[in-house]
Amino acid sequence: MERPVRHFQEELDTMQTRLLEMGGLAEERVREAVHGLTARDGQEIGRVLPGDEPVNRLHMEVDERCFRLLALYQPMATDLRAVVAAVKINSDLERVGDLAVNIAEAALRYVAHPPVKKLIDIPKMADIAQAMLRDALDAYVRRDTVLAQAVLNADDQLDALKTQVFRELLTYML
């Protein structure tokens with residue numbers, strides 16, 4: 001019985017490693033899109049536009065690994081929660097990759113016009129979101145509920161900043 005348990009743990013560890021790799025790629029795509037926007041660098045933005053194929057490939061791989069873990073080992077309790085959470089996180093990370101492309105597309109439209117004002121809040125929002133992503137993945141791997149709660153609290157800070165940006169934008173437009 002020792003071999004299947006050890007093999008399960010190796011598979012779980014590999015799945016988590018690939019999930020973290022995917023998180024790093026998705027975060028880098030967002031960072032590159034936002035930096036291209038703030039630097040008004042069309043070439044940097046253009047590197048994000050071709051798509052998120054590496055993120056999509058990892059998404060499919062992690063899904064396959066999760067479902068294989070469920071089918072072959074029928075994990076219980078904590079391990080089952082870890083695999084099910086990985087399936088959800090995996091989908092969310094794939095969406096982050098998609099959103100990086102959306103940011104890049106909007107950034108290209110923005111840099112085609114003269115700047116309205118210096119972008120301060122958008123990079124700040126991106127920094128908060130990227131830190132939240134790193135912390136959320138760290139909390140998942142370490143099963144750290146205190147860090148997970150800190151991520152939720154940071155979401156309130158990010159929402160407040162987003163509201164402030166929208167108010168400023170409306171004021172500018174009116």
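**Group meeting: an all-helix predicted model**

Ala77 is found in helix α4, and I would like to begin there, because the residue counts as partly exposed at 47% relative accessibility. Its phi is positive, at about 45°, although Ala77 is not a glycine. For background, most residues other than glycine have a negative phi. Please keep in mind throughout that what you see above is a predicted model.

A second residue belongs in this part of the talk, namely Arg143, whose phi is near 55°, again a positive value in a residue other than glycine. Arg143 sits in the loop between α5 and α6, the latter running over 145-173, and with a relative accessible area of 42% Arg143 is partly exposed.

Let me now step back to the chain as a whole. The protein chain contains six helices and zero strands, so that, read along the sequence, the pattern is α-α-α-α-α-α. The C-alpha trace spans about 70 × 35 × 20 Å along its principal axes, and of the 174 residues in the chain, 35% are buried. If one takes the contacts with a separation of 6 or more, 79% of them are between residues 24 or more positions apart.

Which residues have the most contacts inside the largest nonpolar core? They are Met15, Leu19, Leu93 and Tyr140, in a core that has 18 residues. Two or more residues of this core come from each of α1 (2-39), α3 (53-73), α4 (77-111) and α5 (121-142). In general terms, nonpolar side chains tend to be buried together in soluble globular proteins. Taking Leu19 as an example, and not counting residues up to four places away in sequence, we find that Leu19 touches Val62, Ala86, Ile89, Asn90, Leu93 and Tyr140. Apart from the largest core lies another one, of 11 residues, and among them are Ile45, Val48, Ala100 and Ala104.

Next, the packing of α3 with α4. The axes of these two helices come within 10 Å and cross at roughly 165°, and an angle over 145 degrees counts as roughly antiparallel, which is therefore how α3 and α4 run relative to each other. The crossing of α3 and α4 is left-handed. On the α3 side, the residues making the contact include Val55, His59, Val62, Cys66 and Leu70, while those on the α4 side include Leu80, Val83, Ala86, Val87 and Leu93. Sorted by class, the contact of α3 with α4 has 12 nonpolar, five polar and three charged residues. Val62 and Ala86, which take part in this contact, are also among the residues that Leu19 touches.

My last stop is Asp52, which lies in the loop between α2 (42-48) and α3. Is Asp52 buried or exposed? Asp52 is buried, because its relative accessible area is 7% and the cut-off for that term is under 20%. Leaving aside neighbours within four places in sequence, Asp52 is in contact with Arg29, Glu94, Gly97, Asp98 and Val101. Of these contacts of Asp52, Glu94, Gly97 and Asp98 also appear on the α4 side of the packing with α3. Finally, Asp52 and Glu64 are 12 residues apart along the chain, and their C-alpha atoms are separated by 19 Å.

Key
Residues are numbered from 1 along each chain as its sequence is written. This is a predicted model: local features need pLDDT of at least 70, side-chain atom pairs count only at pLDDT 80 or more; totals for chains, interfaces and linings use all residues. Side-chain values use heavy atoms; hydrogens and water are left out. A nonpolar core is a set of buried Ala, Val, Leu, Ile, Met, Phe, Trp, Tyr and Cys residues joined through side-chain atoms within 4.5 Å. Buried means under 20% relative accessible area, exposed over 50%, partly exposed in between (1.4 Å probe, protein chains only). Helices (H or I, at least four residues) and strands (E, at least two) are DSSP runs, numbered from the N terminus. Contact means heavy atoms within 4.5 Å. Axes are lines fitted to C-alpha atoms, for helices over the stretch in contact, and angles run from 0 to 180 degrees between N-to-C directions. Angles under 35 degrees count as roughly parallel, over 145 as roughly antiparallel, 65 to 115 as roughly perpendicular and the rest as oblique. A crossing is left-handed if the near helix is turned anticlockwise from the far one by less than a right angle, and right-handed if clockwise. Ala, Val, Leu, Ile, Met, Phe, Trp, Tyr, Cys and Pro count as nonpolar, Asp, Glu, Lys and Arg as charged, and the others, Gly among them, as polar.
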